[in-house]
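Got your viewer open? Load the model, show the chain as a cartoon, and keep the selection box handy for a short walk through it.

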Amino acid sequence: MALPLPAVELNDASRAELERVKGIGPELSDRILAQRAVRAFEGWADLMRRVPGVGARSAQRLAAQGLTVAGQPYAPTPAASSPSVDAAR
């Protein structure tokens, strides 16, 4: 039986706590902490807008590792989870 992953809140986590989340290394934690110093993240969409390298796929992976943003797990928006119009051509 797998143990549930402990939640890591992006707006409160230290560098070490962020880097314990699989998929967040030193470079990504630097970008997250730099933007968080400006202001707290309002949610996943805000994180993806402000931090290069965090998109819908990486957000899903990070959330699966227990990461939350503003107390919320990742929930893809229809635009983020549907293929683009160009991909259908």
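A contact here means heavy atoms within 4.5 Å. With that in mind, take in the whole chain: among contacts between residues at least 6 apart in sequence, 47% join residues at least 24 apart.

Before going on, a word on the ground rules. This is a predicted model, where local features need pLDDT of at least 70 and side-chain atom pairs count only at pLDDT 80 or more, while totals for chains, interfaces and linings use all residues. Residues are numbered from 1 along each chain as its sequence is written, and side-chain values use heavy atoms, with hydrogens and water left out.

**Stop 1: the overall layout**

Colour by secondary structure. You should find five helices and two strands, taking helices (H or I, at least four residues) and strands (E, at least two) as DSSP runs numbered from the N terminus. Walking from the N terminus, the order is β-α-α-α-α-β-α.

Now switch on the surface. The protein chain exposes about 5,900 Å², and carbon and sulfur atoms supply 57% of that; the areas come from the Shrake-Rupley method with a 1.4 Å probe, and for residues only the protein chains shown count as cover. Of the 89 residues, 33% are buried. Buried means under 20% relative accessible area, exposed means over 50%, and partly exposed is in between (1.4 Å probe, protein chains only).

**Stop 2: the core**

Hide the surface and select L10, L18, I24, I32, W44, L47 and L67. These have the most contacts inside the largest nonpolar core, which has 19 residues. A nonpolar core is a set of buried Ala, Val, Leu, Ile, Met, Phe, Trp, Tyr and Cys residues joined through side-chain atoms within 4.5 Å. Helices α2 (26-38), α3 and α4 each give two or more residues to this core, and α2 has the largest share, with three residues.

Zoom in on L10. Leaving aside residues up to four places away in sequence, L10 touches L18, I32, R36, F41, L47, L67, T68 and V69.

**Stop 3: a ring pair**

Next, select W44 and Y74. They form the one aromatic pair in the count, where rings of Phe, Tyr and Trp (its six-membered ring) pair if their centres lie within 6.5 Å; planes under 30 degrees apart count as stacked, over 60 as edge-to-face and the rest as tilted. Which kind is the W44 and Y74 pair? The ring centres are 5.4 Å apart and the planes sit at 70°, so the pair is edge-to-face. W44 belongs to helix α3 and Y74 to the loop between β2 (67-68) and α5 (78-81), so the pair ties together parts that are 30 residues apart in sequence. Both W44 and Y74 are buried.

**Stop 4: a charged network**

Stay with α3 (residues 44-50) and pick D46. Five salt bridges are counted in this model, a salt bridge being a side-chain nitrogen of Lys or Arg within 4 Å of a carboxyl oxygen of Asp or Glu. Show the side chains of the partners of D46 and go through them:

- R50 has its closest N and O atoms 2.9 Å apart from D46 in their salt bridge; the two are four residues apart in α3, about one helical turn.
- R49 bridges to D46 with the closest N and O atoms 3.5 Å apart; these two are three residues apart in the helix, again about one helical turn.
- R39 bridges to D46 with the closest N and O atoms 3.9 Å apart.

Is D46 buried or exposed? D46 counts as buried because its relative accessibility is 3%. R50 is buried too, at 11%, whereas R39 is partly exposed at 42% and R49 is exposed at 60%.

**Stop 5: along α4**

Move on to G55, in the loop between α3 and α4 (56-64). G55 is partly exposed, at 28% relative accessibility. Try a distance label from G55 to W44: their C-alpha atoms are separated by 9.4 Å, with the two residues eleven places apart along the chain.

Now look down the axis of α4. S58, A59 and L62 are buried there, and the buried residues fall within an arc of 105°, so they line one face of the helix; the arc is that of the directions from the helix axis to the C-beta atoms. The buried residues of α4 pack against α3 and β2. Turned away from that buried side is a face carrying the exposed residues R57, R61 and A64.

End the walk at G66, which follows α4 and has a positive phi, near 105°.
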